[in-house]
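Open the structure in your viewer and keep the selection panel at hand. Each stop below gives a selection and then what is found there.

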Amino acid sequence: MREFKEIIWQDGEYSYDAAYGFVPSIHGYIHDEDDADRDCMLVIPGGGYCMCTPHEGELVAEVFYKQGMNTFVLTYTTDITMSVPLKKQPLEDASRAVRFIRKRETEYNIQGKKLIVCGFSAGAHVAGSLAVHFADINDRASEYADVNNRPDGAILAYPVITTGEYTHEYSVQALLGKKPTAEELEYFSLEKQVTENTPPCFLWQTAEDNLVPVENSYLMAKALREKGIPFAHYVFPTGFHGLSYPSEKFFSFNAGGEYVLEQLEKAVAAVKAGKGNNVSEQRKKELEEQFPDPKPEGQDENKQAETENQEAQQDEGGLPPIDFTWSEDIGVWPELARVWMNRF
(Lines give C-alpha, C1' and ligand atoms only; values in the text may rest on other atoms or scores of the structure.)
Protein backbone atom coordinates (compact mmCIF):
# COMPACT_ATOMS: atom_id res chain seq x y z
CA MET A 1 0.00 0.00 0.00
CA ARG A 2 1.17 3.50 -0.85
CA GLU A 3 0.15 5.91 1.92
CA PHE A 4 0.64 9.67 1.77
CA LYS A 5 -0.67 13.09 2.77
CA GLU A 6 -1.32 15.94 0.33
CA ILE A 7 -2.26 19.54 1.14
CA ILE A 8 -5.14 20.41 -1.19
CA TRP A 9 -4.92 24.22 -1.02
CA GLN A 10 -1.71 25.89 -2.17
CA ASP A 11 -0.10 29.06 -0.80
CA GLY A 12 -2.45 32.01 -1.08
CA GLU A 13 -5.53 29.90 -1.90
CA TYR A 14 -6.83 29.12 1.59
CA SER A 15 -7.91 31.55 4.25
CA TYR A 16 -10.03 30.90 7.33
CA ASP A 17 -9.86 33.03 10.46
CA ALA A 18 -9.91 30.09 12.90
CA ALA A 19 -7.45 27.85 11.03
CA TYR A 20 -4.49 28.62 13.32
CA GLY A 21 -2.00 27.39 10.74
CA PHE A 22 -4.05 24.41 9.59
CA VAL A 23 -4.60 23.75 5.87
CA PRO A 24 -7.07 21.06 4.67
CA SER A 25 -5.55 17.87 3.29
CA ILE A 26 -6.24 14.39 2.01
CA HIS A 27 -4.62 11.22 3.33
CA GLY A 28 -4.37 8.56 0.62
CA TYR A 29 -4.26 4.76 0.65
CA ILE A 30 -3.40 3.47 -2.83
CA HIS A 31 -3.00 -0.14 -3.97
CA ASP A 32 0.54 -0.58 -5.30
CA GLU A 33 0.55 -4.33 -6.01
CA ASP A 34 -0.40 -3.60 -9.63
CA ASP A 35 -1.21 -0.73 -11.99
CA ALA A 36 -4.91 -1.52 -12.27
CA ASP A 37 -7.31 1.42 -12.19
CA ARG A 38 -9.82 1.18 -9.36
CA ASP A 39 -12.90 2.95 -8.05
CA CYS A 40 -12.05 5.36 -5.26
CA MET A 41 -13.65 6.61 -2.06
CA LEU A 42 -13.23 10.01 -0.39
CA VAL A 43 -14.11 9.57 3.30
CA ILE A 44 -15.33 12.67 5.17
CA PRO A 45 -15.40 12.26 8.98
CA GLY A 46 -18.04 13.85 11.17
CA GLY A 47 -17.64 15.81 14.37
CA GLY A 48 -20.42 18.38 14.48
CA TYR A 49 -18.42 20.79 12.30
CA CYS A 50 -16.29 21.30 15.45
CA MET A 51 -13.69 18.66 14.65
CA CYS A 52 -12.95 15.67 12.42
CA THR A 53 -13.47 12.42 14.30
CA PRO A 54 -10.66 9.85 13.85
CA HIS A 55 -12.79 6.68 13.95
CA GLU A 56 -14.86 7.96 11.00
CA GLY A 57 -11.80 8.37 8.79
CA GLU A 58 -9.01 5.84 8.48
CA LEU A 59 -11.09 2.95 9.85
CA VAL A 60 -13.64 3.35 7.06
CA ALA A 61 -10.98 4.00 4.41
CA GLU A 62 -9.38 0.70 5.43
CA VAL A 63 -12.67 -1.18 4.97
CA PHE A 64 -13.14 0.06 1.40
CA TYR A 65 -9.43 -0.35 0.63
CA LYS A 66 -9.83 -4.04 1.49
CA GLN A 67 -12.77 -4.14 -0.94
CA GLY A 68 -10.29 -3.18 -3.65
CA MET A 69 -10.84 0.56 -3.83
CA ASN A 70 -8.24 3.32 -3.59
CA THR A 71 -9.28 5.48 -0.66
CA PHE A 72 -8.72 8.96 0.73
CA VAL A 73 -9.63 10.70 3.99
CA LEU A 74 -10.42 14.41 3.91
CA THR A 75 -9.39 16.61 6.83
CA TYR A 76 -11.54 19.67 6.18
CA THR A 77 -12.16 22.99 7.93
CA THR A 78 -13.99 22.85 11.28
CA ASP A 79 -14.15 25.15 14.31
CA ILE A 80 -13.88 23.77 17.83
CA THR A 81 -13.99 27.34 19.19
CA MET A 82 -17.49 27.94 17.72
CA SER A 83 -16.39 31.53 17.05
CA VAL A 84 -16.03 31.86 13.26
CA PRO A 85 -18.96 30.54 11.19
CA LEU A 86 -17.68 28.13 8.55
CA LYS A 87 -20.23 29.01 5.85
CA LYS A 88 -19.22 27.37 2.54
CA GLN A 89 -15.60 26.58 3.48
CA PRO A 90 -16.11 22.84 4.24
CA LEU A 91 -18.08 22.52 0.99
CA GLU A 92 -15.27 24.24 -0.90
CA ASP A 93 -12.75 21.90 0.77
CA ALA A 94 -14.71 18.86 -0.40
CA SER A 95 -15.05 20.28 -3.91
CA ARG A 96 -11.32 20.97 -4.13
CA ALA A 97 -10.53 17.50 -2.76
CA VAL A 98 -12.58 15.84 -5.53
CA ARG A 99 -10.91 18.00 -8.17
CA PHE A 100 -7.47 17.43 -6.62
CA ILE A 101 -7.94 13.64 -6.77
CA ARG A 102 -9.39 13.61 -10.28
CA LYS A 103 -6.60 15.83 -11.62
CA ARG A 104 -4.18 13.11 -10.48
CA GLU A 105 -6.25 10.19 -11.76
CA THR A 106 -3.28 8.58 -13.51
CA GLU A 107 -1.01 8.89 -10.48
CA TYR A 108 -3.72 7.54 -8.18
CA ASN A 109 -4.79 4.73 -10.57
CA ILE A 110 -8.43 5.81 -10.78
CA GLN A 111 -8.63 6.83 -14.43
CA GLY A 112 -12.14 6.33 -15.81
CA LYS A 113 -13.41 4.92 -12.51
CA LYS A 114 -16.04 6.02 -10.00
CA LEU A 115 -15.30 8.55 -7.27
CA ILE A 116 -17.65 8.17 -4.30
CA VAL A 117 -17.84 10.52 -1.31
CA CYS A 118 -18.66 8.89 2.03
CA GLY A 119 -19.56 11.17 4.94
CA PHE A 120 -20.61 10.62 8.54
CA SER A 121 -22.94 12.85 10.58
CA ALA A 122 -21.77 16.44 9.92
CA GLY A 123 -19.30 14.95 7.43
CA ALA A 124 -22.33 13.50 5.65
CA HIS A 125 -23.69 17.04 5.51
CA VAL A 126 -20.44 18.06 3.78
CA ALA A 127 -20.74 15.14 1.36
CA GLY A 128 -24.44 15.81 0.80
CA SER A 129 -23.79 19.50 0.26
CA LEU A 130 -21.35 18.63 -2.50
CA ALA A 131 -23.86 16.20 -4.01
CA VAL A 132 -26.55 18.87 -4.31
CA HIS A 133 -24.42 22.03 -4.75
CA PHE A 134 -21.42 20.89 -6.81
CA ALA A 135 -22.39 23.19 -9.69
CA ASP A 136 -22.22 26.24 -7.39
CA ILE A 137 -18.56 25.83 -6.50
CA ASN A 138 -16.20 27.54 -8.92
CA ASP A 139 -12.61 26.74 -8.05
CA ARG A 140 -10.44 29.82 -7.65
CA ALA A 141 -7.40 28.14 -9.28
CA SER A 142 -7.34 27.94 -13.08
CA GLU A 143 -5.70 24.50 -13.04
CA TYR A 144 -8.76 23.03 -11.28
CA ALA A 145 -11.49 25.18 -12.83
CA ASP A 146 -12.32 22.67 -15.56
CA VAL A 147 -11.96 19.52 -13.42
CA ASN A 148 -15.27 17.81 -12.63
CA ASN A 149 -16.23 18.12 -8.95
CA ARG A 150 -19.48 16.12 -9.13
CA PRO A 151 -19.09 12.87 -7.20
CA ASP A 152 -20.35 9.73 -8.92
CA GLY A 153 -22.20 8.78 -5.77
CA ALA A 154 -22.58 9.77 -2.12
CA ILE A 155 -22.76 7.58 0.98
CA LEU A 156 -24.47 9.50 3.79
CA ALA A 157 -24.11 7.74 7.14
CA TYR A 158 -26.35 8.92 10.01
CA PRO A 159 -26.41 12.24 8.20
CA VAL A 160 -27.16 15.77 9.28
CA ILE A 161 -29.50 16.79 6.45
CA THR A 162 -32.02 19.41 7.50
CA THR A 163 -31.79 22.82 9.14
CA GLY A 164 -35.47 22.57 10.06
CA GLU A 165 -37.41 20.78 12.78
CA TYR A 166 -35.16 17.72 13.02
CA THR A 167 -31.82 19.48 12.70
CA HIS A 168 -28.68 18.94 14.75
CA GLU A 169 -28.54 22.40 16.31
CA TYR A 170 -24.86 22.56 17.16
CA SER A 171 -23.70 21.48 13.70
CA VAL A 172 -25.78 24.25 12.17
CA GLN A 173 -24.47 26.76 14.71
CA ALA A 174 -20.84 25.88 13.93
CA LEU A 175 -21.57 26.06 10.22
CA LEU A 176 -23.66 29.24 10.06
CA GLY A 177 -23.31 30.97 13.43
CA LYS A 178 -26.02 31.83 15.93
CA LYS A 179 -27.95 34.13 13.58
CA PRO A 180 -28.06 32.52 10.13
CA THR A 181 -30.16 34.14 7.44
CA ALA A 182 -33.22 32.46 6.01
CA GLU A 183 -31.35 32.07 2.73
CA GLU A 184 -28.45 30.28 4.43
CA LEU A 185 -30.78 27.91 6.27
CA GLU A 186 -32.58 27.12 3.02
CA TYR A 187 -29.35 26.53 1.11
CA PHE A 188 -27.93 24.10 3.67
CA SER A 189 -31.19 22.21 4.25
CA LEU A 190 -30.19 19.52 1.80
CA GLU A 191 -33.57 17.86 1.37
CA LYS A 192 -34.71 21.12 -0.24
CA GLN A 193 -31.77 21.26 -2.66
CA VAL A 194 -31.93 17.90 -4.45
CA THR A 195 -32.10 18.26 -8.24
CA GLU A 196 -32.24 15.95 -11.24
CA ASN A 197 -28.41 16.21 -11.38
CA THR A 198 -27.82 15.00 -7.83
CA PRO A 199 -25.75 11.77 -7.95
CA PRO A 200 -27.05 8.45 -6.60
CA CYS A 201 -27.06 8.23 -2.80
CA PHE A 202 -26.76 5.49 -0.19
CA LEU A 203 -28.13 6.40 3.24
CA TRP A 204 -27.99 4.52 6.51
CA GLN A 205 -28.89 5.37 10.08
CA THR A 206 -30.28 3.72 13.21
CA ALA A 207 -33.88 4.20 14.31
CA GLU A 208 -32.78 5.07 17.84
CA ASP A 209 -30.03 7.54 16.88
CA ASN A 210 -29.57 9.55 20.05
CA LEU A 211 -28.03 12.67 18.51
CA VAL A 212 -29.22 13.25 14.93
CA PRO A 213 -32.89 12.29 14.54
CA VAL A 214 -33.49 9.48 12.05
CA GLU A 215 -35.97 11.77 10.28
CA ASN A 216 -32.94 13.37 8.61
CA SER A 217 -32.27 10.36 6.43
CA TYR A 218 -36.00 9.90 5.74
CA LEU A 219 -36.27 13.50 4.54
CA MET A 220 -33.34 13.00 2.17
CA ALA A 221 -34.70 9.70 0.87
CA LYS A 222 -38.07 11.32 0.18
CA ALA A 223 -36.43 14.19 -1.72
CA LEU A 224 -34.33 11.79 -3.79
CA ARG A 225 -37.39 9.71 -4.65
CA GLU A 226 -39.33 12.79 -5.73
CA LYS A 227 -36.54 13.82 -8.11
CA GLY A 228 -36.06 10.31 -9.50
CA ILE A 229 -32.51 9.93 -8.15
CA PRO A 230 -31.42 6.30 -7.57
CA PHE A 231 -30.87 5.66 -3.87
CA ALA A 232 -30.68 3.02 -1.17
CA HIS A 233 -31.91 3.70 2.36
CA TYR A 234 -31.25 1.43 5.33
CA VAL A 235 -32.55 2.09 8.84
CA PHE A 236 -31.18 -0.36 11.39
CA PRO A 237 -33.30 -0.94 14.50
CA THR A 238 -30.73 -0.34 17.24
CA GLY A 239 -27.46 1.48 17.77
CA PHE A 240 -26.19 4.83 18.95
CA HIS A 241 -24.95 7.76 16.87
CA GLY A 242 -21.41 7.62 15.55
CA LEU A 243 -21.00 3.89 14.98
CA SER A 244 -18.87 4.31 11.85
CA TYR A 245 -17.89 0.70 11.15
CA PRO A 246 -18.72 -1.18 14.39
CA SER A 247 -15.88 -3.68 14.37
CA GLU A 248 -13.65 -4.93 17.14
CA LYS A 249 -11.13 -2.26 16.15
CA PHE A 250 -13.81 0.42 16.54
CA PHE A 251 -14.69 -0.72 20.05
CA SER A 252 -11.03 -0.97 21.05
CA PHE A 253 -10.87 2.86 20.99
CA ASN A 254 -7.72 2.49 18.92
CA ALA A 255 -9.10 2.93 15.41
CA GLY A 256 -6.23 5.14 14.23
CA GLY A 257 -6.41 8.14 11.96
CA GLU A 258 -5.57 10.74 14.59
CA TYR A 259 -4.08 12.93 11.84
CA VAL A 260 -7.59 14.37 11.29
CA LEU A 261 -7.29 16.14 14.68
CA GLU A 262 -4.69 18.60 13.37
CA GLN A 263 -6.88 21.70 13.29
CA LEU A 264 -8.51 20.92 16.63
CA GLU A 265 -5.12 20.57 18.30
CA LYS A 266 -3.84 23.81 16.79
CA ALA A 267 -6.99 25.68 17.79
CA VAL A 268 -7.00 24.42 21.38
CA ALA A 269 -3.32 25.31 21.77
CA ALA A 270 -3.98 28.82 20.44
CA VAL A 271 -6.89 29.37 22.82
CA LYS A 272 -4.86 28.19 25.80
CA ALA A 273 -2.05 30.53 24.78
CA GLY A 274 -4.47 33.46 24.70
CA LYS A 275 -4.34 33.71 20.90
CA GLY A 276 -7.88 32.59 20.09
CA ASN A 277 -9.78 34.58 17.49
CA ASN A 278 -12.92 36.10 19.00
CA VAL A 279 -13.40 33.12 21.34
CA SER A 280 -15.90 33.76 24.12
CA GLU A 281 -14.85 33.41 27.75
CA GLN A 282 -17.39 30.64 28.19
CA ARG A 283 -15.96 28.70 25.26
CA LYS A 284 -12.39 29.20 26.52
CA LYS A 285 -13.42 27.69 29.85
CA GLU A 286 -15.16 24.78 28.15
CA LEU A 287 -12.12 23.98 26.01
CA GLU A 288 -9.75 24.15 28.96
CA GLU A 289 -11.97 21.68 30.82
CA GLN A 290 -12.45 19.41 27.82
CA PHE A 291 -8.76 19.37 26.86
CA PRO A 292 -6.77 19.62 30.12
CA ASP A 293 -3.02 19.88 30.00
CA PRO A 294 -1.32 16.55 30.79
CA LYS A 295 -0.04 16.28 34.33
CA PRO A 296 3.70 15.92 34.92
CA GLU A 297 4.94 12.36 35.16
CA GLY A 298 4.25 10.81 38.55
CA GLN A 299 1.40 13.13 39.54
CA ASP A 300 -1.50 11.19 38.07
CA GLU A 301 -1.53 8.09 40.27
CA ASN A 302 -5.06 7.08 39.30
CA LYS A 303 -4.18 7.05 35.61
CA GLN A 304 -1.05 5.04 36.29
CA ALA A 305 -3.04 2.51 38.31
CA GLU A 306 -5.62 2.24 35.52
CA THR A 307 -2.88 1.61 32.96
CA GLU A 308 -1.26 -1.03 35.14
CA ASN A 309 -4.63 -2.76 35.61
CA GLN A 310 -5.23 -2.83 31.84
CA GLU A 311 -1.76 -4.24 31.25
CA ALA A 312 -2.38 -6.93 33.85
CA GLN A 313 -5.64 -7.91 32.19
CA GLN A 314 -3.90 -8.09 28.83
CA ASP A 315 -1.19 -10.32 30.31
CA GLU A 316 -3.91 -12.64 31.55
CA GLY A 317 -5.34 -13.11 28.08
CA GLY A 318 -6.91 -9.77 27.19
CA LEU A 319 -9.82 -7.61 28.22
CA PRO A 320 -13.26 -9.19 28.51
CA PRO A 321 -14.77 -9.81 25.07
CA ILE A 322 -17.27 -7.28 23.72
CA ASP A 323 -20.73 -8.48 22.73
CA PHE A 324 -21.08 -7.46 19.07
CA THR A 325 -24.39 -9.21 18.39
CA TRP A 326 -26.49 -6.06 18.68
CA SER A 327 -24.46 -4.42 15.89
CA GLU A 328 -24.11 -7.36 13.50
CA ASP A 329 -26.63 -5.86 11.10
CA ILE A 330 -24.93 -2.44 11.06
CA GLY A 331 -21.62 -4.13 10.40
CA VAL A 332 -22.74 -5.22 6.93
CA TRP A 333 -23.37 -1.70 5.63
CA PRO A 334 -20.06 -1.54 3.65
CA GLU A 335 -21.02 -4.72 1.79
CA LEU A 336 -24.47 -3.29 1.08
CA ALA A 337 -22.82 -0.10 -0.13
CA ARG A 338 -20.54 -2.06 -2.46
CA VAL A 339 -23.57 -3.79 -4.01
CA TRP A 340 -25.17 -0.37 -4.47
CA MET A 341 -22.01 1.03 -6.09
CA ASN A 342 -21.94 -1.85 -8.57
CA ARG A 343 -25.44 -0.93 -9.79
CA PHE A 344 -24.38 2.23 -11.59
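Leaving aside its neighbours within four places in sequence, with which residues is F22 in contact? The model is a predicted one, and the tour starts at this residue.

**Stop 1: F22**

Select F22, in the loop between β1 (2-7) and β2 (25-30). Then add Y14, T75, Y76, T77, E262, Q263 and K266: these are its contacts once neighbours within four places in sequence are set aside. With a relative accessibility of 1%, F22 counts as buried, the cut-off being under 20%. For a distance check, pick the C-alpha atoms of F22 and S83; they are separated by 16 Å, and the two residues are 61 apart along the chain.

**Stop 2: K5 and E262**

Keep E262, one of the contacts of F22, and add K5. The side chains of K5 and E262 form a salt bridge, 3.4 Å from N to O. K5 belongs to strand β1 and E262 to helix α9 (residues 262-272), so this pair ties together parts 257 residues apart in sequence. K5 has 45% relative accessibility and counts as partly exposed.

**Stop 3: strand β3**

Select residues 40-44, which make up strand β3; five of its five residues are buried. Which residues point one way from β3, and which the other? C40, L42 and I44 point one way, M41 and V43 the other way, and all are buried. In a regular strand, side chains alternate between the two faces of the sheet.

Now show strand β4 (residues 70-75), which pairs with β3 in the parallel sense over four bridges. Within this pairing, V43 stands opposite V73 of β4. Between β3 and β4 the chain passes through helix α1 (residues 58-66), and this β-α-β crossover is right-handed.

Strand β5 (residues 115-120) also pairs with β3 in the parallel sense, over five bridges. Here V43 stands opposite C118.

**Stop 4: helix α12**

Select residues 333-341, helix α12, where W333, P334, A337, R338, W340 and M341 are buried. Why do these residues line one face of the helix? Looking down the axis of α12, the buried residues fall within an arc of 160°, so they line one face. To see what that face packs against, display β3, α1, β5, β6 (153-157), β7 (201-206) and β8 (231-236).

**Stop 5: more salt bridges**

How many salt bridges does a search of the whole structure find? The search finds 16. Side chains of opposite charge can pair when their charged atoms come close.

Select R38 and E33, whose side chains meet in a salt bridge at 3.3 Å, N to O. R38, at 14% relative accessibility, counts as buried, whereas E33, at 51%, counts as exposed.

Next select K222 and E226, a salt bridge in which the closest N and O atoms are 2.6 Å apart. Both residues lie in helix α7 (residues 215-227); they are four residues apart, and therefore separated by about one helical turn. K222 counts as partly exposed at 49% relative accessibility, and E226 as exposed at 56%.

Finish with E13, R96 and D139, which are joined into one network by salt bridges that share partners.

Notes:
Residues are numbered from 1 along each chain as its sequence is written. This is a predicted model: local features need pLDDT of at least 70, side-chain atom pairs count only at pLDDT 80 or more; totals for chains, interfaces and linings use all residues. Side-chain values use heavy atoms; hydrogens and water are left out. Buried means under 20% relative accessible area, exposed over 50%, partly exposed in between (1.4 Å probe, protein chains only). Helices (H or I, at least four residues) and strands (E, at least two) are DSSP runs, numbered from the N terminus. Two strands pair if DSSP finds at least two bridges between them. A crossover is right-handed if, with the strands pointing away from the viewer, the path from the first strand over the helix to the second runs clockwise. The arc is that of the directions from the helix axis to the C-beta atoms. Contact means heavy atoms within 4.5 Å. A salt bridge is a side-chain nitrogen of Lys or Arg within 4 Å of a carboxyl oxygen of Asp or Glu.
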